[in-house]
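Open the model in your viewer and keep the selection panel at hand. Each stop below says what to select and what is there.

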Amino acid sequence: MKHIVIMGATSGIGLRVAEIYATAGWRVGVAGRKDDVMKELQKRFPKRIEWEHIDVTHKDSVMRLERLIKNLGGMDIYLHVSGIGYESTGLNTSEEVATAETNVVGFTRMIDTAFRYFRDKCAGVGHIAAITSIAGTKGIGELASYSSSKKYQQTYLTALEQLANMEGMQMSFTDIRPGWIRTPLLKADREYPMTMELEEIMPAIIKALIRKSRVVVIDCRWRAAYYLWRLIPDCFWVKMPLRVSTSANKEEIAENTVVEQSEETPA
């Protein structure tokens, strides 16, 4: 029997992946901060689900992840979905730092723990996957800390892949980069460009995990944007008045709006 651990499995992508893999007969370790959601998931799949309350910003998250893997009976895939972000032209320091603590420090804690597990317990064989974001392609003014943190995640996965190869491991890495995904946790009064529905992007995510694809940008519209953005020199990019969202009633954009959290809000 195969085992997958999903960090940030209490809503959005993480929860849906957990449901799909449990239905397919996998043992699924779910982690996050919403105990009620995880308990309900375990009731639905009593023989498939193990869960653990984990806040990636806490130092005990490493111990808790290790405990979850042990209780699950092992791990073949580690999927990291947890993350936060704010649409913040006001550069609220507490929000910017919170984003870095979750998306950089917390991400590093969890990815390193998974890497060590596969290296030490599985002879270097395993699969580490993460939901990053198209926002990591370039620094985005209204998503300064968020876009920077996603670039960090993408670079970190590349670095670990190189390290695994240097040490002769057979470890796989998957970087899934979606654009906007419509869930109830995206603000209903905001309009986001090229928004996708959760169910329409799930086949691409599952396919990427099955095939162990290295980098996947979802969907075709965002792939076009991704390749275009990469071609734009920074000297021109910084002059572009790129807007992340607009008010649904065409009013002025509000500052400091939560726009993304892959555990509590979508990626």
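Select Gly 12, Ile 13, Arg 16, Val 17, Ile 20 and Tyr 21 in α1, then Leu 198, Glu 199, Ile 201, Met 202, Ile 205, Ile 206, Leu 209 and Ile 210 in α6: the two groups are in contact, where contact means heavy atoms within 4.5 Å. By class, the residues of this contact are 11 nonpolar, one polar and two charged. Here Ala, Val, Leu, Ile, Met, Phe, Trp, Tyr, Cys and Pro count as nonpolar, Asp, Glu, Lys and Arg as charged, and the others, Gly among them, as polar.

A word on the source: this is a predicted model, in which local features need pLDDT of at least 70 and side-chain atom pairs count only at pLDDT 80 or more, while totals for chains, interfaces and linings use all residues. Residues are numbered from 1 along each chain as its sequence is written, and side-chain values use heavy atoms, with hydrogens and water left out.

Now show α1 (residues 12-23) and α6 (residues 198-211) as cartoons. Their axes come within 11 Å and cross at roughly 65°. Axes are lines fitted to C-alpha atoms, for helices over the stretch in contact, and angles run from 0 to 180 degrees between N-to-C directions. Helices (H or I, at least four residues) and strands (E, at least two) are DSSP runs, numbered from the N terminus. The crossing of α1 and α6 is right-handed: the near helix is turned clockwise from the far one by less than a right angle.

Pick Ile 20 in α1. Is Ile 20 buried or partly exposed? It is partly exposed, at a relative accessible area of 25%. The cut-offs: buried is under 20% relative accessible area, exposed over 50%, partly exposed in between (1.4 Å probe, protein chains only). Leaving out residues up to four places away in sequence, Ile 20 touches Met 202 and Ile 206. Draw a distance from Ile 20 to Met 202: their C-alpha atoms are 9.4 Å apart, across 182 residues of chain.

Move to the core. The largest nonpolar core has 47 residues. Such a core is a set of buried Ala, Val, Leu, Ile, Met, Phe, Trp, Tyr and Cys residues joined through side-chain atoms within 4.5 Å. Ile 6, Ile 13, Val 17, Tyr 21, Val 28, Ile 201 and Ile 205 have the most contacts inside it. Helix α6 gives the most to this core, with seven residues. Centre on Ile 201: beyond four places in sequence, it touches Ile 13, Ile 181, Met 196 and Ile 218. Apart from this core lies another, of 27 residues, including Leu 65, Tyr 78, Ile 128 and Phe 173.

Colour the sheet next. Seven strands form an open, parallel sheet in the order β3-β2-β1-β4-β6-β7-β11. Two strands pair if DSSP finds at least two bridges between them. The edges are β3 (49-53) and β11 (215-218), each pairing on one side only. On β2 (residues 27-32), five bridges lead to the parallel β3. Select Gly 29, and Glu 50 in β3 stands opposite. Then add α3 (residues 61-72), which packs on the sheet, touching β1 (3-7), β2, β3 and β4 (77-80).

Last stop: Thr 102 in helix α4 (residues 93-121). Thr 102 is buried, with a relative accessible area of 8%. Its contacts beyond four places in sequence are Val 56, Thr 57, Gly 83, Ile 84 and Phe 107.
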